[in-house]
Amino acid sequence: MIPLSLAQIAQITGGRLHGDAAHPVDAGALVSGEVVIDSRRVSVGGLFAAVAGQRSDGHDFAAAAVAAGATAVLATRPVPAPSVLVADVLDALAALARFLVDALPAVRVAGITGSSGKTSTKDLAAQLVERLGPTIAPVGSYNNEFGHPLTVLRADASTRYLVLELSARGVGHIAQLCRIAPPRYGVVLNVGHAHAGEFGGLDQVARAKGELVEALPAAGGTAAGGTAAGGTAAGRPAGGVAILNADDPRVLAMAARTQARIVTFGVQDPDASVRAADVRLDDLGRPSFTLLTPKGSAPVTLRLHGAHNVPNALAAAALAGELGLGLAGIADGLSTAVARSRWRMEVHRRADGVTVINDAYNANPESVRAAIDALAHLARDGRGFAVLGHMAELGDISRTSHEDIGEFAARVSASSGSGLAGLIAVGEEAAPLLAGARRVRSWPGEALAVPDGEAALDVLANRLKPGDVVLVKASRAAGLESVAADLLREADR
Ligand SMILES: Nc1ncnc2c1ncn2[C@@H]1O[C@H](COP(=O)(O)OP(=O)(O)OP(=O)(O)O)[C@@H](O)[C@H]1O
Ligand SMILES: [Mg+2]
């Protein structure tokens, strides 16, 4: 954050300063630390934004935040602390973030969206872009109307790049995030079924994700509302670049919705500008490939697990290349990049030789398929067990989606000859997985329904042998990461 006085913050947010005799407010007091919505994360000189959540109301923690060092509180009603009172805290955060972006014209802003792989790609891209200069990227999945402005607000005069993750649960959401930090570079990974129930189908998902490329400035000329010579009114350069997945027709079709220059990436499409050839997976499912770019080719070995990380790596490579990183830096950066965010395809081998894949961060049909492919690879010479909880937010396609995934799992196993020895569905909503698996008559595995994670652990305890591989995956709400953690603790016994 660039230092702002409380008077400036009030002006930017359309708010008013508030204090009382016990908590006087000083219009000149500076906010120079982070803006946070979690009072436990307050830093000295920071700003605490009071947000009312389902379980608690940030206003109740205003005094504690200031006691912990915050300069002031952004609030919608009087609190016992120096504060800026606004009509809506999220609107105020958005206004502050936009002010900051406009005040830092040297910062290049990139947005990444898609149904699956945003965080994985953002973490890869950030590790590449950091080679070019100071970069701010969200922690974990800070990608919505809260996390996005809070991330942007971490930028300061030294920042050169913002690598942002943009999420949507409906049409208009990404457009709004783009107003907060207008991107010049936009990456669209894929259009899939994540939150498909809320969107009402894939075409609506595509409509929403494409708002990112619609927000980009034109390729060479002026940005919308901008001035001549490739600069916007705020001094931000035009020269928009849309980085699109050529393997996903709904994403490629977004080319028609932007005036930005198009750069494509893809594993399958031979015409994509950034491609991967000779993709191979090692024993733990880590991909190696030859990175093919307009500037030449280079070998890459990812430290991440699963073939689905290849398109993510290509997207990150395309973005970093556009920002000016050379081929050698990209190839080396991809090969040394680590998983920065938890519970996405974490592969651990226990002392007793059982391998645990903790992919419990979330689940949708595409990411479960990707994880099952990875399980089939890791278990190709042995036995695999998939502990799957439900995929949330699929609306009226929920039951059939679960059945299809169960069938997919059994089919992958039956056709590859690699052993999915057991499919364990956790909770009632996941049970249709089993009906789907039973459709595949040639699949010899066990299909088991259990009520919760504890019961899944009991089932596994009686079955696991050295050499087995267990995948744990479900939507966030299922909380199956504790199953993975317990499985790993078993190893210490
Ligand atoms: N390109 C991809 N295709 C399919 N699945 C993927 C892809 N990339 C990542 N995944 C899987 O999707 C899950 C979520 O990954 P990640 O957190 O990177 O996605 P996200 O888009 O940020 O999700 P969220 O919407 O929760 O923020 C993980 O299980 C991961 O292994
Ligand atoms: Mg994410």
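Here are a few friendly notes on helix H8 and on the surroundings of ligand 1.

1. This is a predicted model: local features need pLDDT of at least 70, side-chain atom pairs count only at pLDDT 80 or more, and totals for chains, interfaces and linings use all residues. Residues are numbered from 1 along each chain as its sequence is written, and side-chain values use heavy atoms, leaving out hydrogens and water.

2. Let us start with helix H8 (residues 202–209; helices are DSSP runs of H or I, at least four residues, numbered from the N terminus). Its buried residues are Leu202, Val205, Ala206, Ala208 and Lys209, where buried means under 20% relative accessible area with a 1.4 Å probe, protein chains only. They lie on the same side of H8 because they cover an arc of only 165° around the axis, taken from the directions from the helix axis to the C-beta atoms.

3. What do the buried residues of H8 pack against? Their partners include helix H6 (173–180), helix H7 (196–199) and helix H9 (211–214), with contact meaning heavy atoms within 4.5 Å.

4. Now to the ligand. Of the 21 residues around ligand 1 (a heavy atom within 4 Å), Ser120, Arg344, Asp359, Asn362 and Lys473 come nearest.

5. Polar contacts here are pairs of N or O atoms within 3.5 Å. An oxygen atom of ligand 1 lies 2.4 Å from a side-chain N or O atom of Arg344, and an oxygen atom of ligand 1 is 2.7 Å from one in the side chain of Asp359. Helix H4 (118–129) and helix H13 (365–378) are the elements giving two or more residues to the shell around ligand 1.

Methods:
Chains are lettered from A and ligands numbered from 1 in the order in which they are written. Buried means under 20% relative accessible area, exposed over 50%, partly exposed in between (1.4 Å probe, protein chains only). A polar contact is a pair of N or O atoms within 3.5 Å; within protein, one must be able to donate a hydrogen and the other to accept it, and residues adjacent in sequence count only if both atoms are side-chain atoms.
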